[in-house]
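User: I would like to learn how to read a few features of a model. Please take them one at a time, with the general idea before the case.

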Amino acid sequence: MASYILKKSDLAEFVESLAGEFPGGVLGPVLQDGKIVLAAAEPREFRLDFQNTHLSPKDLFFPQSEKMLEFTANPGEEGAFILEEVKNQPQRRLVLGLRPCDAKAFVVLDTIFTNDQYSDPYWAEKREATVIIGLDCNEPCPTCFCTSMGSGPFHEEGQDVQAVDLGDRLLLKPLTSKGEEVLKKAQGLTPAAPADKARAQELKQQAEATITDEVETDNIAARTVMELFEAPHWDEVQERCLNCGVCTYVCPTCHCFDIQDEVHEGKGVRLRNWDYCMSWLFTQHGSGHNPRPDKKSRVRQRFMHKFKYIPLKREGAIGCVGCGRCITLCPVNIDVRDVVRDMNS
Amino acid sequence: MDTRTEKIRAAAKRLLSEGKVDVVIGYRAGTVPLRNAPYFARTPQEADNLIWDSNCRVNLATFIPRRQGKIAVVAKGCDARNILNHIVENQINRDRVYIIGVPCEGMVEPALIEARVPEGQTITEMVEDNGQITVKGRDFAVTLEKAEMLRQNCRVCQHRNPPVSDELVAEPVPETAVDPYQDLEELLAKSEPERWDYYRELVKDCIRCYACRDACPLCYCQVCFVDETQPQWVGKSQDATDVMTFHLLRAYHCAGRCTDCGACESACPMGIKVRQFTRVLEKSVKERYGYEAGLSPDEKPPLTVFLPDDPQEFIK
Amino acid sequence: MSSEFEPKIIAFFCKWCTYGGADLAGVSRLQYPPNFRTVMLPCTGRMDPKFILDAFRHGADGVWVSGCHPGDCHYIAGNLYARRKFTLMHDFLAGIGIEPERLHFSWISSAESTKFQQTAIEVINTIKALGPNTRLIKRELKVA
């Protein structure tokens, strides 16, 4: 598939030429109240000089609160308490500027939401209706460890079009037929020269070289579940853990949810909300028994899930992409890199 | 090295080697700049990891409830007040907790510092010297006045010295004489719809992670009201009413107990000024009952006592 | 339209006093508008601020809490503890922008049927004048 060059000064033209294709909007990184968020905005507001969005973009396909089914809750009325689908067919959206780690996270979540046993329609419909143009990281952050987690600053998985920042221009490389189709319809593009591709390759090597922090996981695969489960280092981690939901909610691959019904003035909704394994209520049984009764078992679960259970079930693929959000936002500085090193030792 | 760090280490080593305490709860350097970690030193060797700087924001009193054995806690003014709170609320006996008091010159607000570095750049190092903070990154170094980078609660702090301690690691620092509620007065002078809009806007980014609750030393209930299901007091979704209800009830549960330590605000991943809720109550408690939390182990919290002539001008 | 607005008010009454006062007002044929739904409490000391927020959340336009005069509590001092809780809740809700007129507190004994009638009329009229509650109310689930 042919690559293209888009001058940054032509970004507005590029976005406007595609606006008609995407009734759901063109989303990009914008600065809101001091934080980078993915939002629909005027193309000139899109930022290309950011590090990463403050929160993970998982809510594009997996909103924090999502209506699943509806019902009327007036006894006696015809059809009362019969669950109906919520009619909100997602519209086609274009997302610009997604970082490779977050795009890779969608691939991890795809294996959970749409696998050979089950396909979650809420995730799948939105995912299908979205075209993703990534933006590779020329300057990874000190907290990035994507290269250790099967991703990287120039990783290609999960995107429809890969974009490399060449200074005043972007190199756009279609990775899927969906992406190729979009680029064919876009204006403001010129074919890329071999020199541009060579420059991108150079930037890739530079970026990868800046991530010196290696977090090895090979030994985790070799250790048994029980060995890891009973490892002594959990005592140290759990001691300062607050069991809050920061790490889970900012994580691009954490995907647990809780389903609830709510009734307001005769109208009922079945909705799902993000939930987190640090909460004691998460595993509380109706009987009163709780299989994860203490802080330690809950904080251990999060790391075991990402680095042991998911790889066990998904042929070795790790459930972390190394974006580093949990490292910078944890109120008590629990650093996932250190935890994984302990697990790997 | 900061003399406070040296004194804290010395005190910790002494207490641990003499077997006076089982653990010293303090801070160690974080794995990323501007973020220290709570640290639990159990041996004199481990005590060498303890540090003190302007990033010791976590309130260590949070780790006291339900903890066994004898403990020593490195405590700023606010932490010490929260330890007294725990003593008053029977969470720990005074003779089980040794307070290593640290006269505090305020903790910095990372967001203020991060806003002063070149855009798109990350801080990789922070050094402090004599009231100045220098942060460095890949292609920059910026020096800032610490006084301008303080957290809002530290700026208006009235109790920088621990009211009670077993030893102090430095000479007491002068207390500040600012009106802690000036900005709140201005807010309260506005109309009700304006105040409501202010508070609604304040929590619009809330992601319901409950870090504010979990970082708070006052929030030690076995079952929090947000986790109660029969009845369910607050919905679990991102609905604005439920988000607001959570913040109101969280704040109300701290009424007459809050020391304005700012742990909630510092823990918030979204930078929400959650103290704006608790401060309304603390102002009311101070004005109506003349009470400030955590100043004495003998004074009862205001909601556990009454006076026959308590104000009731609004009651028919 | 505003003249047709009939507010929904949730009233929490202590069983030892105001609840009896309401009974006495009833058997005395004292008239007052029917805008409030009563919840009986064993004592205003049982009154939890959560009840107030829950009432608003479920669509109440106002809340009225009433108990025994200070000194008359059946449990000696429940109402005196409650008074402090009410005071802080009153200041707090006003502080964050909820109209204080939506929240009413009173001391009414079981003998004060006339005070009960008058207070009921006053509470209802004040809340009626404010119009429907728009804050802290959840009429439908609003999520993205």
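Analyst: This is a predicted model. A contact between chains can be read by counting the residues on each side, and here chain C and chain B contribute 35 residues each.

User: Which elements of chain C each supply at least two residues of the side that touches chain B?

Analyst: They are α2 (49-57), α3 (78-95) and β4 (103-107) of chain C. The largest share of that side, 12 residues, comes from α3(C). Sorted by class, the side of chain C that touches chain B holds 17 nonpolar, 7 polar and 11 charged residues.

User: What does chain C look like as a whole, and how many helices and strands are there in chain C?

Analyst: Chain C has 4 helices and 4 strands, and along the sequence they follow the pattern β-α-β-α-β-α-β-α. The radius of gyration of chain C is 15 Å, close to the 15 Å that the globule rule gives for 144 residues, so chain C is as compact as a globular protein of that length. Along the principal axes, its C-alpha atoms fill a box of roughly 50 × 35 × 20 Å. Of the 144 residues in chain C, 54% are buried. Among contacts in chain C with a separation of 6 or more, 83% are between residues 24 or more positions apart.

User: How do I read a sheet?

Analyst: Strands of a sheet pair through backbone hydrogen bonds, in either a parallel or an antiparallel sense. In chain A, an open sheet of 4 strands runs in the order β5-β4-β12-β11, with antiparallel pairing. Its edge strands are β5 (84-85) and β11 (257-264) of chain A, each of which pairs on one side only.

User: Over how many bridges do β11(A) and β12 (267-274) of chain A pair?

Analyst: β11(A) and β12(A) pair over 8 bridges, in the antiparallel sense. To find one of these pairs in the viewer, start at His264(A): its bridge partner in β12(A) is Lys267(A).

User: How do I check a helix?

Analyst: An α-helix has 3.6 residues a turn, so residues three or four places apart point the same way. Length is another check. Helix α2 of chain A (residues 100-113) has 14 residues, which at 1.5 Å a residue should span 20 Å; the end C-alpha atoms are 20 Å apart, so the two agree.

User: Which residues of α2(A) are buried, and what do they pack against?

Analyst: The buried residues are Pro100(A), Cys101(A), Asp102(A), Ala103(A), Lys104(A), Ala105(A), Phe106(A), Val108(A) and Leu109(A). They pack against two strands of chain A, β6 (93-98) and β7 (130-134).

User: What should I look for in the backbone angles?

Analyst: Most residues other than glycine have a negative phi, and most peptide bonds are trans. Asp33(A) has a positive phi of about 50 degrees although it is not a glycine. Asp33(A) sits in the loop between β2 (26-32) and β3 (35-40) of chain A. Asn90(B), also not a glycine, has a positive phi near 60 degrees. Its place is the loop between α2 (77-88) and β5 (97-101) of chain B.

User: Are Asp33(A) and Asn90(B) buried or exposed?

Analyst: A residue counts as exposed if 12 or fewer other C-beta atoms lie within 10 Å of its own. Asp33(A) has 11 such neighbours, so it is exposed. Asn90(B) has 7, and therefore it is exposed.

User: Where is there a cis peptide bond?

Analyst: The bond from Gln230(B) to Pro231(B) is cis, with omega near 0 degrees. Pro231(B) belongs to the loop between α7 (211-214) and α8 (240-252) of chain B.

Methods
Residues are numbered from 1 along each chain as its sequence is written. Chains are lettered from A and ligands numbered from 1 in the order in which they are written. This is a predicted model: local features need pLDDT of at least 70, side-chain atom pairs count only at pLDDT 80 or more; totals for chains, interfaces and linings use all residues. The expected span of a helix is 1.5 Å times one less than its number of residues. A residue is buried if 20 or more other C-beta atoms lie within 10 Å of its own, exposed if 12 or fewer, and partly exposed in between; C-beta atoms are placed from the backbone. Two residues are in contact if their C-beta atoms, placed from the backbone, lie within 7 Å. Ala, Val, Leu, Ile, Met, Phe, Trp, Tyr, Cys and Pro count as nonpolar, Asp, Glu, Lys and Arg as charged, and the others, Gly among them, as polar. Two strands pair if DSSP finds at least two bridges between them. The radius of gyration is taken over C-alpha atoms; the globule rule is 2.2 Å times the number of residues to the power 0.38.
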